[in-house]
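Please open the structure in your viewer and keep the selection tool at hand. The stops below each name something to select and then say what is there.

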Amino acid sequence: MKIMGKEFIESLQLKPWQVLYKCPKCCSIKPTWAHHCSVCKWCIWKMDHHCPWVSNCVGKNNHKYFFLFAMYIAFINLHVLTVVGFYFLHCFKEDWTKCKSFSLSTMVILLIQLYFEGLLFLIFTSVMFGTQVHSICTDETGIEQLKKEERRWAKITKWMNMNAVFGHPFSLGW
């Protein structure tokens, strides 16, 4: 059966007002809310971005998992910063006598370097998490926000979008 043949198009049972789009890059039928990924070479439905961390596109089918991934990474990083900060304060109060794994100057340099590296990573993951929250609340993908694309579909409420991303019925158990 031909992918774009007459029989296939008739089998889709389209309404008279519906329009089929064909991707010029991969020659597949392109849903209304899809973008072509130049890395994966596929059209991804409700594509947000291609993520090198997970080596995949973030779209409708895995947006929930990427959201949770970004949230967990940000929380873990905040925890690491808290532990490093308390360890530094503990060593500072004890005059570094109980913290003799390395010399005093090496230990201070390592703790400060670890803290600033963690702080930069926390800022990055928090911004990434924040953009995903914004994307869910505005019912707009990252690509649409960057391209400032005009919406060709009906906007849904924040609650309906939460249900679409996290599943219905929505629960904190995810």
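Select helix α5, residues 158–166, together with α2 (63–93) and α3, since these two helices are included in what covers the buried residues of α5. The model you are looking at is a predicted one.

Which residues of α5 are buried? Colour N161, N163, V165 and F166, for these are the buried residues of the helix. Then step just past the end of α5 to G167, where the backbone takes a positive phi of about 100 degrees.

For the next stop, select D139 and K46, whose side chains meet in a salt bridge with a distance of 3.8 Å from N to O. The pair links distant parts of the chain, as D139 lies in the loop between α3 (104–138) and α4 (142–147), while K46 lies in the loop between β4 (43–45) and β5 (49–51), 93 residues apart. Are these two residues buried or exposed? D139 counts as buried at 1% relative accessibility, and K46 is buried as well, with a relative accessible area of 15%. A search of the whole structure finds one salt bridge, so there is no second pair of this kind to look for, given that the rule asks for a side-chain nitrogen of Lys or Arg within 4 Å of a carboxyl oxygen of Asp or Glu.

Move on to the cysteines, and begin by selecting C57 and C37. Why is there no bond between the sulfur of C57 and the closest cysteine sulfur? The sulfur of C57 is 3.2 Å from that of C37, which is too far for a bond, because a disulfide requires the two sulfur atoms to be within 2.5 Å. By this rule the count comes to zero disulfides. With C57 still selected, note that this residue counts as buried, at 4% relative accessibility, and then select C137, which counts as partly exposed at 32%.

Finally, clear the selection and display the whole chain, following the elements from the N terminus on. The chain has five helices and six strands, and the elements run α-β-β-β-β-β-β-α-α-α-α. Of the 174 residues, 29% count as buried. If you show contacts between residues at least 6 apart in sequence, 42% of them join residues at least 24 apart. With the surface switched on, the accessible area comes to about 12200 Å², of which 66% belongs to carbon and sulfur atoms.

Key
Residues numbered from 1 in each chain as written. Predicted model: local features only at pLDDT ≥ 70, side-chain atom pairs only at ≥ 80, totals over all residues. Heavy atoms only, no water. Helix = DSSP H or I, 4+ residues; strand = E, 2+ residues; numbered from the N terminus. Buried < 20%, exposed > 50% of the residue type's maximum accessible area, 1.4 Å probe, protein only. Contact = heavy atoms within 4.5 Å. Areas by Shrake-Rupley, 256 points an atom, 1.4 Å probe, with all protein chains shown as cover.
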